[in-house]
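Reader: Hey, can you walk me through this protein?
Author: Sure, here it is.

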Amino acid sequence: MQAASTRLTDARTLIGGLCIIQAKRTKNVVSAETVRSVAGIVNDKSASKGIVVTTAWFGKASWDFAPRNRVELIDGRHLKALLLEHLGIDALIGLPRLPPGWQTRDLS
């Protein structure tokens, strides 16, 4: 998941508008093209925001692009934190290698 708590979902931003959500279950970095695609749908549908959630991680280009285009990114480690906080589920994130900037505890 994302490195800063300000990137976590704020339910207040969803009130009164359409939200486009795309979920990606993968073991590799989610492409910037995926994030751009969601931003295009947000724009086309005049949605309030878009959310891309993944079990993996996002690259720098995605992190740079998303906030400028009303797209929120939730990567695997923050998904894990949200599942624990809101559902009491201590999920394991199974990835073949440790993503950049992650620690072993982010996966288990």
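Author: We'll go through the fold, the surface, one ring pair and the confidence.
Author: This is a predicted model, where local features need pLDDT of at least 70, side-chain atom pairs count only at pLDDT 80 or more, and totals for chains, interfaces and linings use all residues. Residues are numbered from 1 along each chain as its sequence is written, and side-chain values use heavy atoms, with hydrogens and water left out.

Reader: How many helices and strands does the protein have?
Author: There are 3 helices and 3 strands, counted as DSSP runs (H or I, at least four residues, for helices; E, at least two, for strands) numbered from the N terminus. Along the sequence they read β-α-β-α-β-α.

Reader: OK, what share of the residues is buried?
Author: 38% of the 108 residues, where buried means under 20% relative accessible area with a 1.4 Å probe, protein chains only.

Reader: Switching topic: how many aromatic pairs are there?
Author: The whole structure has 1. The ring centres of F58 and W63 are 5.6 Å apart with planes at 80 degrees, so they form an edge-to-face pair (centres within 6.5 Å, planes over 60 degrees apart).

Reader: Are those two buried or exposed?
Author: F58 is buried at 5% relative accessible area, and W63 is buried at 17%.

Reader: And where does pLDDT stay under 50?
Author: Over residues 1–13; pLDDT is the predictor's confidence in each residue, from 0 to 100. Where pLDDT is low, the predicted coordinates shouldn't be read in detail. For the protein, the mean is 85, and 85% of residues reach 70 or more.

Technical notes
Buried < 20%, exposed > 50% of the residue type's maximum accessible area, 1.4 Å probe, protein only. Phe/Tyr/Trp six-rings, centres within 6.5 Å; stacked < 30°, edge-to-face > 60°. Contact = heavy atoms within 4.5 Å.
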